[in-house]
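User: I'd like to walk through this one at the bench-side level, question by question. Can you put it up first?

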There are 2 protein chains.
Amino acid sequence: MRGIYLDYQSACPVDPRVNEFASRYLTEEFGNPSALHSVGIAARTAVEEARAKVAELINAEDSSTIIFTGSATEANNIAIHGTAARNANQGKKVLASAIEHISVLNPMKYLQKVGFQLSLVPVGSFGIIDLAALENMLSPDTILTSVIYASPEIGTIEPIGEVSRIVHEKGKYLHVDATQAAGKIPVDVQKDGIDLLTISSNDLYGPQGAGALYIKPGVRTQPVIFGGGQERGLRPSTENLFALAGFGEAARLTKLEMDAESERLRQIRDMLIGEILKIEESYLTGHPIRRLPNNASFRFSRIEGESILLTLDAMFNIQVSTGSACSSKTLEPSHVLLAIGLKHVEAHGSMVMTLGKYNTADQVPVVADAVKKTVERLRSLSPL
Amino acid sequence: MRGIYLDYQSACPVDPRVNEFASRYLTEEFGNPSALHSVGIAARTAVEEARAKVAELINAEDSSTIIFTGSATEANNIAIHGTAARNANQGKKVLASAIEHISVLNPMKYLQKVGFQLSLVPVGSFGIIDLAALENMLSPDTILTSVIYASPEIGTIEPIGEVSRIVHEKGKYLHVDATQAAGKIPVDVQKDGIDLLTISSNDLYGPQGAGALYIKPGVRTQPVIFGGGQERGLRPSTENLFALAGFGEAARLTKLEMDAESERLRQIRDMLIGEILKIEESYLTGHPIRRLPNNASFRFSRIEGESILLTLDAMFNIQVSTGSACSSKTLEPSHVLLAIGLKHVEAHGSMVMTLGKYNTADQVPVVADAVKKTVERLRSLSPL
């Protein structure tokens, strides 16, 4: 790894211990879990062990509630498109918070095209969902509500327990995208009252190419792609043994180490926020307290986030983001920043730092100094 | 690897050279290709290099014709569901050969549910598609025809060039599932006249979790899952860098080594077929000549293929299959074997051996002897 990487929300390195554990499934124990012979059975055992480890991380009832997918995006699609289609006979209304990831918003918009009625629940200026609005928008034919556990862009953690209580008083199913939250804060599907929950392997320092969808017992959904009977028919494709075994091991390590690691990151992150807010006309975005321990998101007036990103990278070898990497190629300002009430010009000045395993406290002054110099430099060039 | 593995159609080990090449993308160069900083750009470069290597293997016009997916199943779903949905205004008829893989047949059956008219094109007793029937079944509103390049179960290679000519005289698009064929026989999308083609990484000894869909320039399709803009919006999800880089390297090595390796396997395979056909009431399934060089598929009268598989595994540490691993958990006989005209009881006696990198000529007598003993033993126990 080069320089100081502060973009763990967009991609994480695989934990060397995970790699060590899972690499046997690439070249040695490479069977197809559907094959009936011993090599297949060994592969099936590896997948089921991984499933149990993932179930434990989120305190699922048992491992049969976990469906492995090829990505969090795919899990979100099954949760949203699959569940709405399967339960359309009970209603055609769906809700999502205004700050969902595009892998939730876009399947929701697809549902709109095929006859569902989508409404977006507003959030306050810190990004917390408006619970009164949620309550008003729900009706008995609201078959699915999707609320992100915590935003990768502004770090805000949603009050999922309260959301669940409100959704289940009037509506049907609650889906929660916990891609960023899982592994950083405790996620407990039973305590939180969640019907469907998405998590991702790579966000736990597991291999890319694996996600999981928790489906509470009794919740009905259906596949969005079709083929073999793998994953109860909900995600056909030969299982990616390396990625799934690694996902499981990453979940196990995360469960053991999360409390300490999150506390470590929170301290570094708080120092970083303190230093960066010393810069003139810099502002924290998202909730000051209820936020992911590794997230430090800001906006700076009179400059573009993209210019900050490029300058920090080129001149200081520091990698940050301006929002979600998945939408980083568009010129539109982030829908999340608009949803918390920022003007377009304000939203364009955003910079997101997400910390991870390889960040240390001694990087804080280096990063803060680089950001300060970058902001000053860009402002001196800015016509505004 | 333990024993003698003869089930390469269900899963392949990753080539150590591929692993060596791609493993850097797990722990070191792990960026998100959508990120705008240098770590993201390096990742994007790796993905584009992989795309070019895959394009070369199938002689695609250029690398922009290649869409990476998470699996061959997913590529088949985009090719079938996505393409039919996108072109439904031009017709609602779709065709598939009767011996397609279930990841083609099941999306086709889904299309039937949503208003398309599906017909299955019959095959002859060797598994070759009935070209006269194909011609008769085609009409101007046949928007999509899907024909497998070569069957994993019976090895038969279809006359794709002729299929293409016939399809394009009357119908619109031809999709070809080349998951088993690519890397074993030359596949040339331009020479063969293919509009959409599916291949898989693992079948080239690349990592699992990666497939590709070739889309001829001008062919219109649409995604089946929704999210970010990756892969021209056709396959949203953060790219699986390790799997894609490995897929590319596997494609490159395959292109270099395929001719020699296929000839090597063909010789071993022919010896194996010769030995096994000495067993009483044993029959080759599929075409005697036009077949994949690594495929040896048989049926034995009066015994069950599953019993052969389990006995070879338990007593001789030899791994074979009875057909497609993806449907191996059902008790139904293979639809492929029924399509070539076998009776149910005959189809139940099938055994499929698929050879690969680690098979050698000196395994032939060992395997042949084990099969002979297994068949004799099972027949002595059989009430038939």
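Below is a short run of questions and answers on this structure.

User: Before we start, what pLDDT do local features need here?

Analyst: This is a predicted model, in which side-chain atom pairs count only at pLDDT 80 or more, totals for chains, interfaces and linings use all residues, and local features need pLDDT of at least 70. For the bookkeeping, residues are numbered from 1 along each chain as its sequence is written, while chains are lettered from A and ligands numbered from 1 in the order in which they are written.

User: By what turn can chain A be laid on chain B?

Analyst: In general, two copies of a chain are related by a rotation about an axis and a shift along it. Here the superposition (least squares on the C-alpha atoms of residues with pLDDT of at least 70 in both copies) gives an RMSD of 0.0 Å and a shift of 0.0 Å along the axis, with a turn of 180°. The two copies are thus related as by a two-fold rotation axis.

User: Which element gives the largest share of the side of chain A that touches chain B?

Analyst: Counting contacts (C-beta atoms, placed from the backbone, within 7 Å), 59 residues of chain A meet 59 residues of chain B. The elements of chain A that give two or more residues to this side include α3 (38-57), α9 (241-276) and α10 (305-316); helices are DSSP runs of H or I with at least four residues, strands are runs of E with at least two, and both are numbered from the N terminus. The copies meet through the same surface, because 100% of the interface residues of chain A are also interface residues in chain B. The largest share, 5 residues, comes from α5(A).

User: Is α5(B) largely enclosed or left open by the rest of the structure?

Analyst: Helix α5 (residues 102-113) of chain B has 12 residues and reaches 16 Å from its first C-alpha to its last, close to the 16 Å expected at 1.5 Å a residue (the expected span is 1.5 Å times one less than the number of residues). Call a residue buried if 20 or more other C-beta atoms lie within 10 Å of its own, exposed if 12 or fewer, and partly exposed in between, with C-beta atoms placed from the backbone. The buried ones in α5(B) include I102(B), V104(B), P107(B) and L111(B). Since 9 of its 12 residues are buried, α5(B) is largely enclosed.

User: At about what angle does α5(B) run to β3(B)?

Analyst: The buried residues of α5(B) pack against α4 (72-86), β3 (93-97), β4 (117-121), β5 (142-148) and β6 (173-177) of chain B. The helix lies across β3, β4, β5 and β6 of that chain. With axes as lines fitted to C-alpha atoms, for helices over the stretch in contact, and angles from 0 to 180 degrees between N-to-C directions, α5(B) runs to β3(B) at about 155°.

User: Which strands stand at the edges of the 7-strand sheet in chain B?

Analyst: Strands pair if DSSP finds at least two bridges between them, and this open sheet has mixed pairing in the order β2-β8-β7-β6-β5-β3-β4. One parallel pair is β5(B) and β6(B), joined by 5 bridges, whereas β2(B) and β8(B) are antiparallel over 4 bridges. Two strands have a single partner each, so one side of each is left without a neighbour in the sheet: β2 and β4 of chain B.

User: In β2(B), which residues point the other way from I66(B) and F68(B)?

Analyst: In a regular strand the side chains alternate between the two faces of the sheet. Strand β2 (residues 66-69) of chain B has I66(B) and F68(B) pointing one way, all four residues being buried, and the other way point I67(B) and T69(B).

User: What is the bridge partner of F298(B)?

Analyst: A second open sheet in chain B has 3 strands with antiparallel pairing, in the order β9-β10-β12. Within this sheet, β10 (residues 295-300) and β12(B) pair over 5 bridges. In β12(B), the partner of F298(B) is M351(B).

User: Is E281(A) buried or exposed?

Analyst: E281(A) sits in the loop between α9 and β9 (282-284) of chain A. Although not a glycine, E281(A) has a positive phi of about 50°. With 12 other C-beta atoms within 10 Å, E281(A) is exposed.

How values were computed: Two residues are in contact if their C-beta atoms, placed from the backbone, lie within 7 Å.
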